[in-house]
Amino acid sequence: MLAACGKGATMPQTVSITLDSNPTTGFSWQVTQSEELFSVEMEYVEDEHAEGMTGVGGKETITLTPLKAGKTDVTLTYARPWEGGEKGDQIVYSFEIDKELQVKTVDSYSLGAEEIVSTPEPVIK
């Protein structure tokens with residue numbers, strides 16, 4: 001009864017991952033999931049720079065909101081999105097989502113990452 005009234009209900013957690021990005025190069029972060037358990041939102045914020053400066057990079061924040069319980073691998077690929085486009089770094093995160101839509105990071109690793117020194121930790125709220 002309490003949950004039906006909105007009391008005692010647990011809000012879904014969100015997962016945020018912030019990565020370096022520079023869309024002026026044609027590269028952007030692509031998100032794929034082994035099981036479609038998250039909705040995905042992406043926001044790019046350009047770094048501060050002098051007026052008139054072009055080709056400036058920034059940060060891409062990927063926000064994942066769980067839709068249902070289960071396990072999934074989320075792969076982030078820095079690539080040129082057109083067909084046959086060049087692919088760069090890949091980062092893989094394994095997540096578990098419980099029935100209350102609470103998220104746990106099980107594993108993470110980088111593939112072919114020449115510029116990624118360490119795999120960025122996802123922020124779960």
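**View 1. Phenylalanine 38 and phenylalanine 95, a buried pair.** In this predicted model, phenylalanine 38 and phenylalanine 95 are both buried. Their ring centres lie 5.5 Å apart with the planes at 75 degrees, so the pair is edge-to-face. Since phenylalanine 38 sits in strand β3 and phenylalanine 95 in strand β6, the pair ties together parts that are 57 residues apart in sequence. Look next at tyrosine 93, which is buried as well. Tyrosine 93 and phenylalanine 95 make a stacked aromatic pair, with 5.9 Å from centre to centre and 20 degrees between the planes. The count of aromatic pairs in the model comes to four. Elsewhere, Phe27, Trp29 and Tyr78 form one aromatic cluster.

**View 2. The largest nonpolar core.** Here you can find the 18 residues of the largest nonpolar core. Val15, Leu19, Trp29, Phe38, Leu64, Leu76 and Phe95 are the ones that touch the most other members. Two or more residues come from each of β1 (15–21), β4 (58–66), β5 (70–79) and β6 (87–97). Which element gives the largest share of this core? That is β6, with four residues.

**View 3. Valine 15 and its surroundings.** This close-up is centred on valine 15, one of the core residues named above. Apart from neighbours within four places in sequence, valine 15 is in contact with Phe38, Ile62, Thr63, Leu64, Phe95, Val103, Pro122, Val123 and Ile124. Both rings of the edge-to-face pair, phenylalanine 38 and phenylalanine 95, are among these contacts.

**View 4. An open sheet of four strands.** Follow the strands across in the order β3-β4-β1-β8, paired antiparallel. At the edges stand β3 (38–46) and β8 (123–124); each has a single partner strand, so one side of each is left without a neighbour in the sheet. Two bridges join β1 to β8, and serine 16 has valine 123 in β8 as its bridge partner.

**View 5. The hairpin of β6 and β7.** Strand β6 runs antiparallel to β7 (residues 103–111), and eight bridges join them. Phenylalanine 95, already familiar from the aromatic pairs, stands opposite threonine 105 in β7. Five residues lie between the two strands of this hairpin, where leucine 101 takes a positive phi near 65 degrees.

**View 6. Two salt bridges.** Side chains of opposite charge can pair when their charged atoms come close. How many salt bridges does the structure hold? There are two. In one, aspartate 20 pairs with lysine 59, and the closest N and O atoms are 2.3 Å apart. This salt bridge links strand β1, home of aspartate 20, to strand β4, home of lysine 59, across 39 residues of sequence. Aspartate 20 is exposed, at 54% relative accessible area, while lysine 59 counts as partly exposed at 37%. In the other, lysine 71 pairs with glutamate 96, with 3.9 Å between the closest N and O atoms. Lysine 71 belongs to strand β5 and glutamate 96 to strand β6, so this pair ties together parts 25 residues apart in sequence. Lysine 71 has a relative accessible area of 60% and is exposed; glutamate 96, at 29%, is partly exposed.

**View 7. Confidence along the chain.** The average pLDDT of the chain is 87, and 88% of the residues score at least 70. Over residues 1–6, however, the pLDDT is below 50, and this stretch has two contacts beyond near neighbours in sequence. Where pLDDT is low, the predicted coordinates should not be read in detail.

Technical notes: Residues are numbered from 1 along each chain as its sequence is written. This is a predicted model: local features need pLDDT of at least 70, side-chain atom pairs count only at pLDDT 80 or more; totals for chains, interfaces and linings use all residues. Side-chain values use heavy atoms; hydrogens and water are left out. pLDDT is the predictor's confidence in each residue, from 0 to 100. Contact means heavy atoms within 4.5 Å. A nonpolar core is a set of buried Ala, Val, Leu, Ile, Met, Phe, Trp, Tyr and Cys residues joined through side-chain atoms within 4.5 Å. Buried means under 20% relative accessible area, exposed over 50%, partly exposed in between (1.4 Å probe, protein chains only). Two strands pair if DSSP finds at least two bridges between them. Rings of Phe, Tyr and Trp (its six-membered ring) pair if their centres lie within 6.5 Å; planes under 30 degrees apart count as stacked, over 60 as edge-to-face and the rest as tilted. A salt bridge is a side-chain nitrogen of Lys or Arg within 4 Å of a carboxyl oxygen of Asp or Glu.
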